[in-house]
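Let's take a walk through the pockets of this protein. Have a look at the sequence and the model first, and then we can go through them together.

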Amino acid sequence: MRDPLNPAVVAIKPSGIRKFFDIVSEMKDAISLGVGEPDFPTPYHIREEGIYSLEKAKTHYTSNAGLMELRTEICRFLDRKYHIRYDAKNETLVTVGGSEAIDLAIRAMVCPGEEVIIPQPSYVSYEPCVILTQGVPVTIRLKEEDEFRLTAKDLREAITDKTKLLVLPFPNNPTGAILTEENLKEIAAVCVEKDIFVVSDEIYSELTYDQKHVSIASLPGMRERTIVINGFSKGHAMTGWRLGYACGPKEIIQQMTKIHQFAIMCAPTMSQYAAVDALKNGDEDVAMMRDSYDKRRRFVLHELRDMGLPTFEPFGAFYVFPNVAEFGMTSDAFATKLLEEQKVAIVPGTAFGDCGEGFLRISYAYSHEKLKLALDRLRIFVEHLREEQGKR
């Protein structure tokens, strides 16, 4: 029998995030700081709206692009928060999580052989999505000394005559880095000059701690060449509801909707009704969760630095990215040994690209008690490693 599998799919590595999550799920007394998921339940009024939609038997398909009421609220949200205006009917698509929106945008825009620039370390989905379109991923190594920001200089050097698209993953998973308005203006100037498009993944836009998020789509010349990706998983603690969205030029959104139409049909109806309420009435919930993450952020940053691990200060999302290169171990070896000896699961930096070697991703979207216990164990582990290495 001939091989039934697509070799391009077979060649893609499984997510490095899930590996440690799967191990820790079967390990007694283990603590996981590895999954990027809010520990808050979805706020009650949002859950209640979802339940109400079921009670009212609102269980049928919506339009492919999503409920018009939801698309309208999405456009209002983006206008009042980030000063970008979209047409709800033609420039907005509701998707099954932000991940589907990323996949649709890349599939709708990238032809075989065209290059897509991906700053790394970054979320695990971008590169596989490009490969599956037969596009060519071109990675830019984000540097700790640049606060893990993409610079216009590095972007310019990566562009060739085959470059079609830039993925802009800020606020960043796994580093917590953000881009300032000045950074974005410089990047936008390069995009306009070189005539490239942008997929701006802004799923953590509501979780910034030092300054408000700025969308590159709000800058001159960028709205017509940018697809904005966002959703409800992170800011509104709605991971299991699987709801995201994309906004952008009509001609691109139309083609994304066509793929969505054939592959998905529409996003879950109950989730869409709940999301309407999240956008109308959820600002206080988001502010409360953001304040809590900020307290945890400062606690985790202090503890890591106190144990002597160089750690860049993250200003967005809910991750820290400490440097463990001093131990002379791969990130994977460090994380594996920590899990075996102290029963703490964190994610090796290499799960987010080869340039993540020497780093670890720790999520602080966990209770203070769990964070303290895990970091106490990490401190013991680090001290033992240093003692062992000092005796050699």
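Which elements each supply at least two residues of the lining of the second largest pocket? In this predicted model, they are α2 and α5 (97–109). Of these, α5 makes the largest contribution to that lining, with four residues.

Let's stay with the second largest pocket for a moment. The space inside it comes to about 530 Å³. It is lined by 26 residues, and those closest to its centre are Gly36, Ser99, Tyr123, Asn173 and Lys234. By character, the lining splits into eleven nonpolar, nine polar and six charged residues. As for where this pocket sits, domain 1 (7–42 + 284–391) and domain 2 (44–280) both contribute lining residues, so the second largest pocket lies between them.

Now turn to the largest pocket, which holds about 690 Å³ of space. Its lining is made up of 26 residues, with Lys13, Pro14, Thr350, Ala351 and Gly353 closest to the centre. Two or more lining residues come from each of α2 (16–24), β3 (115–120) and α6 (126–132). The largest share belongs to α6, which gives four residues. Here the lining counts are 13 nonpolar, eight polar and five charged residues.

And where should you look for the largest pocket? Domain 1 and domain 2 both give residues to its lining, so the largest pocket, too, lies between the two domains. If you would like one element to follow through both sites, try α2: it gives residues to the lining of the largest pocket and to that of the second largest pocket.

Note on methods:
Residues are numbered from 1 along each chain as its sequence is written. This is a predicted model: local features need pLDDT of at least 70, side-chain atom pairs count only at pLDDT 80 or more; totals for chains, interfaces and linings use all residues. Side-chain values use heavy atoms; hydrogens and water are left out. On a 1 Å grid over the protein atoms alone, a cavity is a set of points where a 1.4 Å probe fits but cannot get out, and a pocket is an open set with protein on both sides within 12 Å along at least five of seven lines; lining residues have an atom within 4 Å of a point. Grid points are joined across faces, edges and corners, and a volume is the space filled by probe spheres set on the points. Ala, Val, Leu, Ile, Met, Phe, Trp, Tyr, Cys and Pro count as nonpolar, Asp, Glu, Lys and Arg as charged, and the others, Gly among them, as polar. Domain bounds come from an automatic or database domain assignment.
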